[in-house]
Amino acid sequence: MNIALAAGITNREHHEMLFKNNGLLCAIVLAPTLVQAQAFPVKPVRLLVGFAPAGPNDIVARALAAKLSEQTGQQFVVENRAGANTAIASELMARSAPDGYTLLQNAPGHATNPALMKLSFDPVRDFAFVTQLADAQNLLLVHPSLPAYTVKELIAFSKLHPGQLNYGSAGTGATGHLSGELFQLMTGVKWVHIPYKGAGPALIDLLAGHHALYFTNIAGVIGYVRTQRLRAIAVAGEKRSPTVPDVPTVIESGVPGFVVTAWYGISAPAKTPRPVIDKLNSEMVRALKSADLRARLLDLGTDPVGSTPEQYTAFVQNEIAKWGKVIKSAGIRGE
């Protein structure tokens with residue numbers, strides 16, 4: 001016999017009681033997590049960066065960390081774990097406790113690594129994506145000793161000296177590397193790729209003249225361009241950057257369809273409670289909207305984004321699919 005009917009309770013009333021009781025049970029279960037998220041963070045947060053100090057990824061991470069520390073009253077500490085095109089930092093973060101206190105600043109390497117190397121983690125399933133921070137344009141830089149002031153002059157010089165020009169990058173599969181490979185495919189020039197463990201070391205060697213060419217984010221090199229220690233001959237985006245408005249795009253310079261941009265984002269370990277992810281997203285979007293951080297990022301040649309976790313997840317998945325096809329077509333292999 002139906003106990004509810006025996007007690008004089010209709011089926012509808014019985015279902016309503018069950019719904020209310022289940023709702024109460026869910027609230028009780030979720031209450032500690034919600035309280036934890038409201039209080040988060042209650043101790044320093046570690047922000048892993050997969051590149052060496054002084055490069056654009058590091059600069060953006062430290063600017064964000066300073067603002068988050070100011071907003072939350074807890075320190076966001078940048079920790080550089082360079083190597084394997086961010087895979088070392090990614091593996092460390094993926095294996096960390098899913099409590100929101102170890103985060104990772106993602107870069108394009110997160111999307112290119114699956115096609116370049118065997119990974120000990122899944123680039124989607126092992127991550128909880130918080131937000132895309134910003135987009136960044138790449139500059140095509142040359143050492144001042146190179147007699148090329150335009151893309152056309154660079155192509156002409158390269159064809160006169162095939163295989164004699166070296167170009168550096170922050171690592172195999174980094175946007176600088178892919179930019180160089182794509183440029184060679186589209187123009188027919190032959191360069192030699194020299195991968196570094198981060199943008200900082202690559203920049204140092206470019207300044208010293210150890211390699212002649214470099215595609216890199218505006219963020220890490222704008223000071224050297226303004227002081228003419230390096231020569232910017234093109235921007236690798238669809239349109240000119242307001243940071244360097246006098247520098248033409250590669251497209252304008254005679255290579256139709258050439259577009260490679262970089263991006264920055266934040267992720268946490270998979271299974272990090274959703275309320276914690278939402279709190280992190282809220283604080284980061286707030287930071288990106290602040291006048292001082294926004295101005296800082298724009299001055300560095302990056303455009304603030306501040307997407308939702310769902311938008312950023314879809315973005316990363318699309319990047320993995322897109323670059324997987326490019327890497328396969330170009331025959332690029334991990335080193």
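The following conversation looks at salt bridges and at one helix in a predicted model.

Trainee: What should I keep in mind about this model?

Mentor: The model is predicted, so local features need pLDDT of at least 70 and side-chain atom pairs count only at pLDDT 80 or more, while totals for chains, interfaces and linings use all residues. Residues are numbered from 1 along each chain as its sequence is written, and side-chain values use heavy atoms, with hydrogens and water left out.

Trainee: What makes E91 and R95 a salt bridge?

Mentor: A salt bridge needs a side-chain nitrogen of Lys or Arg within 4 Å of a carboxyl oxygen of Asp or Glu. The closest N and O atoms of E91 and R95 are 2.8 Å apart, so the pair meets that definition.

Trainee: Why is R95 called exposed, and why is E91 called partly exposed?

Mentor: Exposed means over 50% relative accessible area, buried under 20%, and partly exposed in between (1.4 Å probe, protein chains only). R95 has 64%, and is therefore exposed, whereas E91 has 26% and is therefore partly exposed.

Trainee: How do you know that helix α5 is mostly covered?

Mentor: Helices are DSSP runs of H or I with at least four residues, numbered from the N terminus. Helix α5 spans residues 109-116, and 6 of its 8 residues are buried, namely G109, H110, A111, T112, N113 and L116.

Trainee: What makes E310 and R274 a pair that ties parts together?

Mentor: Their side chains meet in a salt bridge at 2.8 Å, N to O. E310 lies in helix α12 and R274 in helix α10, so the pair ties together parts that are 36 residues apart in sequence.

Notes:
Helices (H or I, at least four residues) and strands (E, at least two) are DSSP runs, numbered from the N terminus.
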